[in-house]
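Student: Hey, can we go through this protein together? I'd like to start with the empty spaces and then look at the rings.

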Amino acid sequence: MDGDLRVGRAGATQPPGTVELNHVEAETPAPSRPTDSQTPLAAAAARDARRRIELRDAEFPLPRRARVIAVANQKGGVGKTTSTVNIAAALAQRGAQVLVIDIDPQGNASTALGASHQSGTPSIYHVVLGQARARDVIVPCSTIPGLWCLPATIDLSGAEIELVGLESRESRLARALSGLSSDWIAQGARRFDYVFIDCPPSLGLLTVNALVAAREVLIPIQCEYYALEGLSQLLSNIELVRSRLNGDLRVSTILMTMFDGRTNLSGDVVREVRGHFPNLVLHALVPRSVRVAEAPGYGETVLTYDAASTGALAYLEAAHEIARRGAEGN
């Protein structure tokens, strides 16, 4: 009889035939849980920390002469204005003298840089129509020393019609920039190292003016399904301007924006674009970021609104690549 009993908890007996499973829980090891350093969030934070350390000591070489860069894409919503103001801000923070020319009637670049651009305010509209000199219209960015803005107002929306009947309608901005350079130096001011021209999302006369005035084109492309849609038309127009109006013009940079590492689509788009343009696409990828989207509402770039954000880090990396590539190309 005693042989048919099983001892379980202290002092307890179990019926005959019962299989003893006592203390199995204590003897079976608990499933291993990832340490903090193994979680995706912690790994991403560690990578960002390393990137910040590398950029902290990185050199941002200044170009030997001013680099005039048109930021263009006829597709809207690709991060064109956002990229313009944040790359400009990053370069200014690292010692460059930078001018942003807002030639988009929406005036979003002006908003992000805290420049007044109500209708009637002296602006790029008055400059391209020959009613004002650029030196009298540019305003400093209050949050970043070395960063300046030539603002746009809604008045610019009718400029393309007004320009049609004017002499040298395609080169009005180029002539204004040439005058600004000599005026600026004559005043004893340091020359601009970079001039970024934020183009409207179209291939009209304002964009043509920007392409005639520039030496380089930066094309932002979003990491989405229709990334390359319309790009061939943009490249054709750039080539047309280069062959007929501005022989120095070239596409120097492609920046991938709105990258979402959680999706396969973003990675596929980046690989496809890099496959087509291996020497033009920056290594830096600009992520989708709430902080980047919020910053213009406070009249700031993300570099001053939240310098620790992933968006600020990505734009700082992009600026570093642009500065380094320019130095290597000199």
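Tutor: Sure, we'll take the pockets and then the aromatic pairs, and keep in mind that this is a predicted model.

Student: Okay, how much space lies in the largest pocket?

Tutor: About 460 Å³. The lining is made up of 30 residues, and those closest to the centre are Gly79, Lys80, Thr81, Thr82 and Met258.

Student: Which helix gives the most to that lining?

Tutor: Helix 3, with five residues. Helix 3 covers 80–93, and other elements that supply at least two residues each include helix 4 (108–112) and strand 9 (250–259). Strand 10 (281–287) and helix 11 (290–294) also supply at least two each.

Student: And how do the residues of that lining divide into nonpolar, polar and charged?

Tutor: For the largest pocket you get 13 nonpolar, 12 polar and five charged.

Student: Cool. What volume does the second largest pocket have?

Tutor: About 380 Å³. That pocket is lined by 19 residues, with Ala66, Val68, Leu177, Ser181 and Val195 closest to its centre.

Student: Which helices each supply at least two residues there?

Tutor: Helix 7 (172–186) and helix 8 (205–213). Helix 7 gives the most to this lining, with seven residues.

Student: What about the nonpolar, polar and charged split for the second one?

Tutor: In the second largest pocket, 12 lining residues are nonpolar, three are polar and four are charged.

Student: Switching topic: how many aromatic pairs are there in the whole structure?

Tutor: A search finds three. One of them joins tyrosine 194 and phenylalanine 196, with 6.0 Å from centre to centre and 15° between the planes.

Student: Is that pair stacked or edge-to-face?

Tutor: Stacked. Planes under 30 degrees apart count that way.

Student: Are tyrosine 194 and phenylalanine 196 buried or exposed?

Tutor: Both of them are buried.

Student: Now tyrosine 225 and tyrosine 226. Why is that pair called edge-to-face?

Tutor: Their ring centres are 5.0 Å apart and their planes sit at 85°, so the pair is edge-to-face. The cut-off for that label is over 60 degrees.

Student: Is tyrosine 225 buried or exposed?

Tutor: Tyrosine 225 is exposed, because its relative accessible area is 64% and exposed means over 50%.

Student: And what is the relative accessible area of tyrosine 226?

Tutor: For tyrosine 226 the value is 48%, so this residue counts as partly exposed. That label covers the range between the buried cut-off of 20% and the exposed cut-off of 50%.

Definitions and conventions:
Residues are numbered from 1 along each chain as its sequence is written. This is a predicted model: local features need pLDDT of at least 70, side-chain atom pairs count only at pLDDT 80 or more; totals for chains, interfaces and linings use all residues. Side-chain values use heavy atoms; hydrogens and water are left out. Rings of Phe, Tyr and Trp (its six-membered ring) pair if their centres lie within 6.5 Å; planes under 30 degrees apart count as stacked, over 60 as edge-to-face and the rest as tilted. Buried means under 20% relative accessible area, exposed over 50%, partly exposed in between (1.4 Å probe, protein chains only). On a 1 Å grid over the protein atoms alone, a cavity is a set of points where a 1.4 Å probe fits but cannot get out, and a pocket is an open set with protein on both sides within 12 Å along at least five of seven lines; lining residues have an atom within 4 Å of a point. Grid points are joined across faces, edges and corners, and a volume is the space filled by probe spheres set on the points. Helices (H or I, at least four residues) and strands (E, at least two) are DSSP runs, numbered from the N terminus. Ala, Val, Leu, Ile, Met, Phe, Trp, Tyr, Cys and Pro count as nonpolar, Asp, Glu, Lys and Arg as charged, and the others, Gly among them, as polar.
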